[in-house]
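Grab a pencil and get comfortable. Below you will find some exercises, each with a worked solution to check yourself against.

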Amino acid sequence: MNLPDIFTPNGDGVNDTYFIPGGPFTAAMLRFYNPTTREVVWSEYSPNPVWDGRSPDGSEVADGVYFCRAAATNSKGERFVGQQNVTLSRGGMRSEIIKAF
């Protein structure tokens, strides 16, 4: 499973959400951890989980690097598993580079 390593939830309509590419899936799990405390920052179990960079209470989480774990099953019963450090950036140079592509 290839997972993106950055997303930029800054409201500009480009790369604003994080999701598992390659769907559709019949079931999926997407979970983000604070790499320092190992605390779960956000988690969703659904056929197509999507994270917008907010905590479950709706507040924006801080820009930074989070550890992501993902698992998904497609309609053929094939299971995909992946993990990746993911940078959440609401601005700055890296966000501008992504828009250029």
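The exercises that follow use a predicted model, and they go from the sheet to the core, the salt bridges and two loops.

**Exercise 1. Work out the strand order of the open sheet, and find its edge strands.**

Solution.
- Step 1: Trace the open sheet from side to side. Its five strands come in the order β1-β7-β6-β3-β4, and the pairing is mixed.
- Step 2: Look for strands that pair on one side only. These edge strands are β1 and β4, the latter covering 40–46.
- Step 3: Now zoom in on β3. With β4, β3 forms an antiparallel pair over six bridges.
- Step 4: Turn to the other neighbour of β3. Here β3 and β6 run antiparallel, joined by seven bridges.

**Exercise 2. Find the bridge partners of Phe-32 and Leu-30 in β4, and the residue of β6 opposite Ala-27.**

Solution.
- Step 1: Start with Phe-32. Its bridge partner in β4 is Trp-42.
- Step 2: Go on to Leu-30, whose partner in β4 is Glu-44.
- Step 3: Switch to the β6 side, where Thr-73 stands opposite Ala-27.
- Step 4: Finish at the hairpin of β3 and β4. Six residues lie between the two strands, and in this hairpin Arg-38 has a positive phi near 65°.

**Exercise 3. Describe the largest nonpolar core: how many residues does it have, and which strand gives the largest share?**

Solution.
- Step 1: Recall the background. In soluble globular proteins, nonpolar side chains tend to be buried together.
- Step 2: Count the members. The largest nonpolar core holds 18 residues, and Tyr-18, Leu-30, Phe-32, Trp-51 and Cys-68 have the most contacts inside it.
- Step 3: Ask where the members come from. At least two core residues are supplied by each of β3, β4, β6 and β7, and β6 gives the largest share, with four residues.
- Step 4: Check how covered β3 is. Six of the seven residues in β3 are buried, so this strand is mostly covered.
- Step 5: Follow one core member, Tyr-18. Beyond four places in sequence, the residues it touches include Leu-30, Phe-32, Trp-51 and Cys-68. Leu-3, Pro-4 and Val-86 are also among the residues that Tyr-18 touches.

**Exercise 4. Find the salt bridges in the whole structure, and say how the residues are linked.**

Solution.
- Step 1: Begin with the idea. Side chains of opposite charge can pair when their charged atoms come close.
- Step 2: Count. The whole structure has three salt bridges.
- Step 3: Take Glu-60 with Arg-54, whose side chains meet at 3.7 Å, N to O. Glu-60 is partly exposed at 48% relative accessible area, and Arg-54 is partly exposed at 34%.
- Step 4: Take Arg-90 with Glu-60, a salt bridge of 3.5 Å, N to O. Arg-90 is in the loop between β7 and α1, while Glu-60 is in the loop between β5 and β6, so this pair ties together parts 30 residues apart in sequence.
- Step 5: Take Arg-90 with Asp-63, a salt bridge of 3.0 Å, N to O. This pair also links distant parts of the chain, 27 residues apart.
- Step 6: Compare with the cut-off for buried, which is under 20% relative accessible area. Arg-90 counts as buried because its relative accessibility is 17%, whereas Asp-63 is partly exposed at 43%.
- Step 7: Put the pieces together. Arg-54, Glu-60, Asp-63 and Arg-90 form a network of salt bridges.

**Exercise 5. Is Phe-25 buried or partly exposed, and what does this residue contact?**

Solution.
- Step 1: Locate Phe-25 in the loop between β2 and β3.
- Step 2: Apply the cut-off. Phe-25 has 9% relative accessibility, so it counts as buried.
- Step 3: List some contacts beyond four places in sequence, among them Ile-20, Pro-47, Ala-72 and Phe-80.
- Step 4: Compare sequence with space. Phe-25 and Ala-71 are 46 residues apart along the chain, and 10.0 Å separates their C-alpha atoms.

**Exercise 6. Explore the loop that holds Asn-15 and Asp-16.**

Solution.
- Step 1: Place both residues. Asn-15 is in the loop between β1 and β2, and Asp-16 lies there too.
- Step 2: Classify Asn-15, which is partly exposed at 29% relative accessibility.
- Step 3: Look across to Asp-52. Asn-15 and Asp-52 are 37 residues apart in sequence, with 9.7 Å between their C-alpha atoms.
- Step 4: Inspect the side chain of Asp-16. One of its polar atoms lies 2.7 Å from the backbone nitrogen of Gly-13.
- Step 5: Add contacts beyond four places in sequence. Asp-16 touches residues including Phe-7, Asn-10, Trp-51 and Asp-52.

Key
Residues are numbered from 1 along each chain as its sequence is written. This is a predicted model: local features need pLDDT of at least 70, side-chain atom pairs count only at pLDDT 80 or more; totals for chains, interfaces and linings use all residues. Side-chain values use heavy atoms; hydrogens and water are left out. A polar contact is a pair of N or O atoms within 3.5 Å; within protein, one must be able to donate a hydrogen and the other to accept it, and residues adjacent in sequence count only if both atoms are side-chain atoms. Contact means heavy atoms within 4.5 Å. Buried means under 20% relative accessible area, exposed over 50%, partly exposed in between (1.4 Å probe, protein chains only). Two strands pair if DSSP finds at least two bridges between them. A salt bridge is a side-chain nitrogen of Lys or Arg within 4 Å of a carboxyl oxygen of Asp or Glu. A nonpolar core is a set of buried Ala, Val, Leu, Ile, Met, Phe, Trp, Tyr and Cys residues joined through side-chain atoms within 4.5 Å.
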